[in-house]
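Here is a short note on side-chain contacts, set out in numbered points. Please read it with the structure open.

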Amino acid sequence: MFDRLTVRIFTIFLLTIAFFLALIILLPNLDSRNLTYIANKERETGNELAKQIEKDLSNVPKDSFRWWMRFIVVMDSYQKSGQFLFIVTPNGQYITADTKNIDLVKNFSEISHNISDPAKKIYDFQEIIGPFLVHYADEPYQLYVLQPASDVQSQFVSLIFDHPLLLLTLMMLISSPFLLWLSWSIAKPARRLKKAADQVAKGNLQEWPELEKIGSTEYKATGASFNHMLRELKRMQEVQQRLFSDISHELRTPLTRLQLATSLLRHKQGESNEVIRINNEALKLDSMIGDLLSLARQQYDNNEIRQFKKINLLFKQVLENATFEAEQIGKKFLVTNPPTSHTILCYPMALCSALENVIRNAFRYSNHEIIVNFIAQQSQIIISIDDDGIGVADKELEQIFRPFYRTSEARDRQSGGTGLGLAIVANAIMRDHGNVKAEKSHLGGLRIVIVLPIQKYKQ
């Protein structure tokens, strides 16, 4: 039953309340200034002193002149250093040589007047003990002893006991680590669950068996449901991958036959506009299937491992290939700010392929010039690719990364695009926790901006 979260929280609440109540009730009793009953040894010492004084007082006549002065002389003879004795007569008179502390003794005698059970109380740095029985002239007198306190608590402790609000605040501070520890232990399974969810958000669909073993019943049930969800996601991925593979096989088989039939028709009847159109559409459909499969593999295949890579080394081959290709097609390719040596955590092959696709698109749609720029800004690497082509309408800048989105049928026919290239690029960059967007270029065409987070290399 205690394994349930509601029971745990309620139990902790009751224990906390009980803890505070116990402190409030018990702590004031620990104040050494409270009235306490003396030990047997102190009682024996006090009674012995009372008997000695009683013996000497027996020589003092009751009706003698200034008999009380004789009392003081007797008491002075038994006083130790720093000690003062007080005798209270049956009619409430106080006999002592220390008149300045009579009020303290009067206050104490009001709360401790039982001769059979003497007590002790501390006043600042002094303590009063008594009463002890002294017989004089067949009447009971009370003896009180004022002396330096043997157990003086610090002024700070006294201040705490004298101010209940300060005492409560101190108790809350003392109990805070205990309450924090309890809160931490309750929240620990939730932190584990969040960690697992963060891994799933990054594409890691491995199960977390420990989620079903830690925490309360509710957390264990949630962990079991979480792992069941991961198993279903994996199953759906496998089904989808199988579906794409089957589609690829089923579509490419008639495409191959269509291309073969086109070749036979060209061989028998010669070249014609109809044959060219059929052949081009078949090639376009084949390219679209290839891009679609590439996008599916990129989204659901996790065979590639994320690695720490330096930007300049990662994209070196891509930029060299782009420079060579630009020379072959007679276009100007310029890298204004070369890649830095900052490190990123990425899927290297997928990211290089994404940048290469963007540069190839710039080659395809540009007129004469393509400019690539690398900028390290705070904790990000910003890569911009500009071309001087016809560009894209403002209203379509946010749409071109959607699968199969086409800005112009004439442009697509001219370039042979399938509408999947930029979708593949966006997916690859998002897997590395980056983002990509399209803008108007200062060259007049399109600018693609890729933003990637800089990471510290971990050994």
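1. Start at helix H1, which spans residues 5–26 and contains Ile25. Note that this is a predicted model. Ile25 is exposed, because its relative accessibility of 56% is over the 50% cut-off.

2. Ile25 has company at the surface. Together with Phe10, Phe13, Leu14, Ile17 and Leu21, Ile25 forms a nonpolar patch there. The accessible area of the patch adds up to about 610 Å².

3. Next, the aromatic rings. Searching the whole structure gives six aromatic pairs. One of the six joins Phe71 and Tyr136. Their ring centres are 4.8 Å apart and the planes stand at 90°; that is over the 60 degrees required, so the pair is edge-to-face.

4. Where do Phe71 and Tyr136 lie in the chain? Phe71 is in helix H3 (residues 67–78), and Tyr136 is in strand E5 (residues 126–136). The two are 65 residues apart in sequence, so their contact ties together separate parts of the chain.

5. Are these two residues buried or exposed? Phe71 is buried, at 0% relative accessible area. Tyr136 is buried too, because its 3% falls under the 20% limit. Ring pairs also bring in Tyr141, giving a cluster of Phe71, Tyr136 and Tyr141.

6. A further ring pair is Phe108 with Tyr144. Here the centres are 5.8 Å apart and the planes are at 85°, so this pair is edge-to-face. Phe108 belongs to helix H4 (residues 102–111), while Tyr144 belongs to strand E6 (residues 139–148). The pair links distant parts of the chain, 36 residues apart. Phe108 is buried at 0% relative accessibility. Tyr144 is also buried, at 0%.

7. Two tyrosine rings carry a charge over the face. Lys121 lies over Tyr123, at 4.5 Å from the ring centre. Arg431 places its charged end over Tyr347, 4.0 Å from the centre of that ring.

8. Now the salt bridges. The structure has eleven. In one of them, Glu207 meets Arg231, with the closest N and O atoms 2.9 Å apart. Glu207 sits in the loop between helix H6 (164–201) and helix H7 (217–269), and Arg231 sits in helix H7. The partners are 24 residues apart in sequence, so the bridge ties those parts together. Glu207 is partly exposed at 32% relative accessible area, and Arg231 is partly exposed at 36%.

9. Which side chain does Arg360 meet at 3.0 Å, N to O? The partner is Glu325, in a salt bridge. Arg360 is in helix H11 (residues 348–365) and Glu325 in helix H10 (residues 316–329). This pair links distant parts of the chain, 35 residues apart. Arg360 is partly exposed, because its 37% lies between the 20% and 50% limits. Glu325 is partly exposed as well, at 23%.

10. Arg360 also forms a salt bridge with Glu356, where the closest N and O atoms are 3.5 Å apart. This contact stays inside helix H11. The two residues are four apart, about one turn of the helix. Glu356 is partly exposed, with 26% relative accessibility.

11. Finally, check the charged group further along. A network of salt bridges links Asp386, Lys437, Glu439 and Arg447.

Notes
Residues numbered from 1 in each chain as written. Predicted model: local features only at pLDDT ≥ 70, side-chain atom pairs only at ≥ 80, totals over all residues. Heavy atoms only, no water. Phe/Tyr/Trp six-rings, centres within 6.5 Å; stacked < 30°, edge-to-face > 60°. Buried < 20%, exposed > 50% of the residue type's maximum accessible area, 1.4 Å probe, protein only. Lys NZ or Arg CZ within 6 Å of the ring centre and 35° of its normal. Patch = residues over 30% accessible without salt bridge, like charges linked within 9 Å, V, L, I, M, F, W, Y side chains within 5 Å. Areas by Shrake-Rupley, 256 points an atom, 1.4 Å probe, with all protein chains shown as cover. Salt bridge = Lys/Arg side-chain N within 4 Å of Asp/Glu carboxyl O.
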